[in-house]
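Biologist: I keep meeting labels such as "buried" and "paired". Can we take a model and test each label against its rule?

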Amino acid sequence: MFTLYDDEAASVGRGIIRRQRDFAAGRWSEERLAAHQLDAFRATLDHVREHSPFYRRHLADAPTHLASLSAEDLAAFPFTLKDDLRAAQQDVLSRPLSKAWIFYETTGTTGAVTPCPRDNTDSLHNNAVLTSHYETILRPYGEDQFIGVCGPTEMHAFGDTFGEVCRNLGLAVAKMWPHSPMVGFDRALAAIREIPLTALFCTPGMALTLAKKAVAAGLDPARDLPVQVLMLTGELASPALLAAVGDLWGARAYNALYGSQEASALGAAAADGSLYAMPVINHYEVIDPAGDAPVEPDAEGVLLGELVVTSLYQGLKPLVRYRTGDLVRMRAAAPGRTLPAPVLEVLGRTRDELNVGGHRITGYDLENLLLAPFGGYLDYQVVLDSGDDGTDRLTLRFETQDGAAPRTDEMALAAVRERLGVALDVELGTMGSVTGTGAMVSWKAARVVDRRTGRRDAESAAALALAVARS
């Protein structure tokens with residue numbers, strides 16, 4: 001509606017939609033995409049140098065002749081770190097705070113709270129691309145849909161972003177937060193059934209908790225809840241976990257979004273279930289987490305390393321070469337996929353890789369490996385201990401309906417034990433609050449607890465939720 005009152009924003013929005021539609025339809029060549037990214041990178045550099053006090057200082061020694069800048073020259077610009085954003089606060093902004101349309105901030109769970117306001121340029125770019133992605137998922141379900149959006153707090157972009165994207169698609173939305181004392185899980189479940197809701201944006205942990213509450217109320221989520229699509233974000237979501245949550249609800253589950261409050265949307269799902277990069281609005285690099293050099297692709301062309309992003313739109317808070325701290329696998333665009341964009345797998349924080357049985361493994365890969373042989377559970381937790389002989393032991397705990405054993409593929413489970421090379425036990429029980437609240441942040445579930453001597457204590461182990469839509 002606001003664009004009816006703002007001719008400039010309306011023009012900007014139409015241009016973004018046109019570019020994204022052309023790109024998504026495969027009408028951009030590699031050369032056109034590369035030229036677009038380079039031109040937009042230059043524009044962002046020019047924008048932040050002129051308008052951001054932080055970047056004016058931060059880029060003081062970087063190249064100044066942007067017109068002759070090549071793609072190879074981009075590495076000459078310094079990285080932006082999370083600590084830079086914490087220290088600089090509003091100095092990072094490239095426009096006065098009063099030019100924002102809304103103010104968000106990080107939760108402050110890992111350090112000082114940082115401001116994350118959005119102006120019209122920011123939201124138009126991110127929401128237009130998300131609309132393009134989610135249209136491929138939601139449109140096949142028809143026009144008579146009602147979408148539930150369970151966001152974390154009023155100071156987070158979750159509810160506004162997904163609400164507007166659904167509105168762009170002509171789909172009705174109910175915004176609710178079951179942890180709120182004004183809503184609660186009982187009312188949330190009642191609303192899901194009464195409206196009824198056909199899709200739900202939430203975290204994997206929220207989807208599991210809602211399902212547990214439904215079972216406690218004598219309901220079968222797959223039979224008695226009308227949800228057909230689960231758009232999950234906020235935590236790691238391996239293919240095995242997505243399959244299990246989808247099976248529990250009788251719905252198709254997607255890893256819907258990768259991003260952060262600071263950097264906005266960096267990846268989103270499409271109809272085939274892949275998580276795609278957004279190269280029309282972001283520039284991506286994959287670097288060695290221990291240094292700053294770009295990583296080399298493996299034999300299959302896959303890049304594995306820390307993701308670095310630059311905003312290709314010149315809004316209120318564009319970031320230049322922002323080190324996300326996230327470990328990713330990036331695969332090049334391939335024919336036959338839903339979108340002609342690189343595919344991302346977000347594996348967790350670079351600092352949170354685990355050592356299990358002498359082998360390094362990410363939280364994403366560990367979850368995917370451990371959960372693949374199982375189905376029919378309501379919740380799970382992984383506990384790492386040391387045996388009496390000092391060797392690693394893994395316990396995989398499941399909460400199930402009526403305490404029944406989860407469906408188990410014994411051959412697959414034997415293969416998991418052999419691959420990990422450590423003792424692996426399976427237990428049944430109640431998870432308690434930790435997987436539902438995620439240690440101070442009610443929408444990030446802590447599902448890996450490392451109790452090995454000399455390793456992480458129980459409190460710091462909550463960080464091993466490895467949430468990718470971070471504070």
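Modeller: Start with pairing: two strands pair if DSSP finds at least two bridges between them. This is a predicted model.

Biologist: How do you know that β1 and β3 pair?

Modeller: Strand β1 (residues 146-149) and strand β3 (residues 199-202) share three bridges. The rule asks for at least two, so the two strands count as paired. Their sense is parallel. Within this stretch, G148 stands opposite L200 in β3.

Biologist: Which sheet do these strands belong to?

Modeller: An open sheet of five strands, in the order β2-β1-β3-β4-β5. The pairing in this sheet is parallel.

Biologist: What makes β2 and β5 edge strands?

Modeller: Count partners. β2 (172-175) and β5 (252-255) each have a single partner strand, so one side of each has no neighbour in the sheet. On average, neighbouring strands here are turned by 20° against each other, direction ignored.

Biologist: Which helix packs on this sheet, and what does that helix touch?

Modeller: Helix α5 packs there, touching β3, β4 (229-232) and β5. Touching needs heavy atoms within 4.5 Å. The direction of α5 makes about 155° with that of β4.

Biologist: What is the strand order in the open sheet of four strands?

Modeller: The order is β19-β17-β16-β20, and the pairing is mixed. β19 (423-428) and β20 (448-450) are the edge strands, as each pairs on one side only.

Biologist: How do you know that β16 and β20 pair?

Modeller: Strand β16 (residues 379-386) and β20 have three bridges. At least two are needed, so the test is passed. The sense is parallel. V383 has V449 in β20 as its bridge partner.

Biologist: Now the antiparallel cases. Which strands pair with β7 in that sense?

Modeller: β6 and β8. Strand β6 (residues 257-260) pairs with β7 over four bridges, antiparallel. Three bridges join β7 to β8, and these strands also run antiparallel. S260 stands opposite S264 in β7. A268 stands opposite Y276 in β8.

Biologist: How many residues lie between the strands of each hairpin?

Modeller: Three lie between β6 and β7. Five lie between β7 and β8. In the turn of that second hairpin, G273 has a positive phi of about 90°.

Biologist: Why is β7 called largely enclosed?

Modeller: Buried means under 20% relative accessible area. Six of the six residues of β7 (residues 264-269) are buried, so the rest of the structure largely encloses this strand.

Biologist: What makes α10 mostly covered?

Modeller: Eight of the eleven residues in α10 (residues 239-249) are buried. Among them are A240, L241, L248 and W249. G250 follows the helix, with a positive phi near 65°.

Biologist: Why is C116 called buried?

Modeller: The relative accessible area of C116 is 0%. The cut-off is under 20%, so C116 is buried. C116 lies in the loop between α4 (82-88) and α5 (120-138). Not counting residues up to four places away in sequence, C116 touches Y104, E105, T106, Q261, E262 and K317.

Biologist: And V280: why does that residue count as buried?

Modeller: V280 has a relative accessible area of 4%. That value is under 20%, so V280 is buried too. V280 sits in the loop between β8 (275-277) and β9 (282-287). Leaving aside neighbours within four places in sequence, V280 is in contact with Q20, F23, W28, H36 and L312.

Biologist: Last topic, empty space. How many cavities of 30 Å³ or more does the structure hold?

Modeller: Four. The second largest has a volume of about 90 Å³.

Biologist: What makes that space a cavity and not a pocket?

Modeller: In a cavity a 1.4 Å probe fits but cannot get out, whereas a pocket is open.

Biologist: Which residues line the second largest cavity?

Modeller: There are 13 lining residues. D122, E262, S264, Y313 and K317 lie nearest the centre. By class, the lining has six nonpolar, three polar and four charged residues. E262 and K317 have come up before: C116 touches both.

Conventions:
Residues are numbered from 1 along each chain as its sequence is written. This is a predicted model: local features need pLDDT of at least 70, side-chain atom pairs count only at pLDDT 80 or more; totals for chains, interfaces and linings use all residues. Side-chain values use heavy atoms; hydrogens and water are left out. Buried means under 20% relative accessible area, exposed over 50%, partly exposed in between (1.4 Å probe, protein chains only). On a 1 Å grid over the protein atoms alone, a cavity is a set of points where a 1.4 Å probe fits but cannot get out, and a pocket is an open set with protein on both sides within 12 Å along at least five of seven lines; lining residues have an atom within 4 Å of a point. Grid points are joined across faces, edges and corners, and a volume is the space filled by probe spheres set on the points. Ala, Val, Leu, Ile, Met, Phe, Trp, Tyr, Cys and Pro count as nonpolar, Asp, Glu, Lys and Arg as charged, and the others, Gly among them, as polar. Axes are lines fitted to C-alpha atoms, for helices over the stretch in contact, and angles run from 0 to 180 degrees between N-to-C directions.
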